[in-house]
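Visitor: Hello! Could you walk me through this structure, one question at a time?
Guide: Gladly, here it is.

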Amino acid sequence: MTVLVVMGVSGSGKSTVAARLAERLGWDFQEGDDLHPPANVAKMHSGHPLTDEDRWPWLDAVAAWIRAHVDAGEPGVITCSALRRVYRDRLRRGADDPTVVFVHVTGSRELLAARLAARTGHFMPPGLLDSQLATLEMPDPDENVITLDAAEPPETMVAAVVERLGRVP
């Protein structure tokens, strides 16, 4: 049983990849942004980056979704920026939970900025990209991570994750 946390900065394509992974695998899917408290959404919408104090309740809600799936023995896919190691540790409730696999979708600043500029109807304004990139701590190899290139087509990324998980397409 595995829970995938599809992570990355805004504009990386994590929601697209996560939804397609969940569909392909037949697993539960949760958009992590939907778990943000309204105050967080309003703060980001107004162009202000979140602080750690803002993030903790949201990360705890994401962690609760993960833990509920792990405890029930049900696989799932959830999105979460998971920008810092301390956030990822909180999501997996310690460093040694092999059931939680991070799928890091990463791309160049130029690609991410272009995607954000073209996106409509999302609370995260393009102006917060640089704060997310500054906060991002690249996952270490010991964090049970699969790294994907955001420049690849979503289906290519999904196939790479499925292959890494050892599932037959």
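Visitor: In which helix is Arg 55 found, and is Arg 55 buried or exposed?
Guide: This is a predicted model, and in it Arg 55 is found in helix H3. Its relative accessible area is 9%. Since buried means under 20%, Arg 55 counts as buried.

Visitor: Leaving aside neighbours within four places in sequence, which residues is Arg 55 in contact with?
Guide: Arg 55 belongs to helix H3. With neighbours within four places in sequence left aside, the residues in contact with Arg 55 are Leu 50, Leu 83 and Tyr 87.

Visitor: How far apart are the end C-alpha atoms of helix H3?
Guide: Helix H3 covers residues 52–72, which makes 21 residues. At 1.5 Å a residue, H3 should therefore span 30 Å. The model agrees with that, as the end C-alpha atoms are apart by 29 Å.

Visitor: What covers the buried residues of H3?
Guide: Besides Arg 55, the buried residues of H3 include Trp 58, Val 62, Ile 66 and Val 70. Their cover includes strands as well as helices: strand E1 (3–7), strand E2 (28–30), strand E3 (76–79), strand E4 (100–106), helix H2 (38–45) and helix H4 (85–91).

Visitor: Which residue follows H3?
Guide: Look just past the end of the helix for a residue with a positive phi, near 70°. That residue is Gly 73.

Visitor: How many aromatic pairs does the structure hold, and which residues form an aromatic pair?
Guide: The structure holds one aromatic pair. Its rings are 5.5 Å centre to centre with 85° between the planes, so the pair is edge-to-face, a term for planes over 60 degrees apart. One ring is in helix H3 and the other in helix H4, 31 residues apart. The partners are Trp 56 and Tyr 87.

Visitor: What is the relative accessible area of Tyr 87?
Guide: Tyr 87 is also one of the contacts of Arg 55. Tyr 87 counts as buried because its relative accessible area is 1%.

Visitor: Which element gives the most to the largest nonpolar core?
Guide: The largest nonpolar core has 24 residues, and Val 5, Val 62, Ile 66, Cys 80, Leu 91 and Phe 102 have the most contacts inside it. Two or more residues each come from E1, H3, H4, E4 and helix H5 (109–118). The element that gives the most, with seven residues, is H3.

Visitor: How many residues are in the other core, apart from this one?
Guide: Leu 4, Leu 21, Val 105 and Ala 150 are among the members of that other core. Its number of residues is 19.

Visitor: Which residues are the bridge partners of His 104?
Guide: His 104 is in E4, where six of the seven residues are buried. E4 runs parallel to E1, with five bridges joining them, and E4 also pairs with E5 in the parallel sense over five bridges. On the E1 side the partner of His 104 is Met 7, and in E5 it is Thr 147.

Visitor: Which side chain does the side chain of Glu 143 make a polar contact with?
Guide: Glu 143 is found in the loop between helix H6 (129–135) and strand E5 (145–149), and it is buried, with a relative accessible area of 1%. Its side chain reaches the backbone nitrogen of Asp 140 at 2.7 Å. The side chain with which it makes a polar contact, at 3.2 Å, is that of Arg 92.

How values were computed. Residues numbered from 1 in each chain as written. Predicted model: local features only at pLDDT ≥ 70, side-chain atom pairs only at ≥ 80, totals over all residues. Heavy atoms only, no water. Helix = DSSP H or I, 4+ residues; strand = E, 2+ residues; numbered from the N terminus. Expected span 1.5 Å × (residues − 1). Buried < 20%, exposed > 50% of the residue type's maximum accessible area, 1.4 Å probe, protein only. Contact = heavy atoms within 4.5 Å. Polar contact = N/O pair within 3.5 Å; in protein donor to acceptor, adjacent residues only side chain to side chain. Pairing = 2+ DSSP bridges. Phe/Tyr/Trp six-rings, centres within 6.5 Å; stacked < 30°, edge-to-face > 60°. Core = buried A, V, L, I, M, F, W, Y, C linked by side-chain atoms within 4.5 Å.
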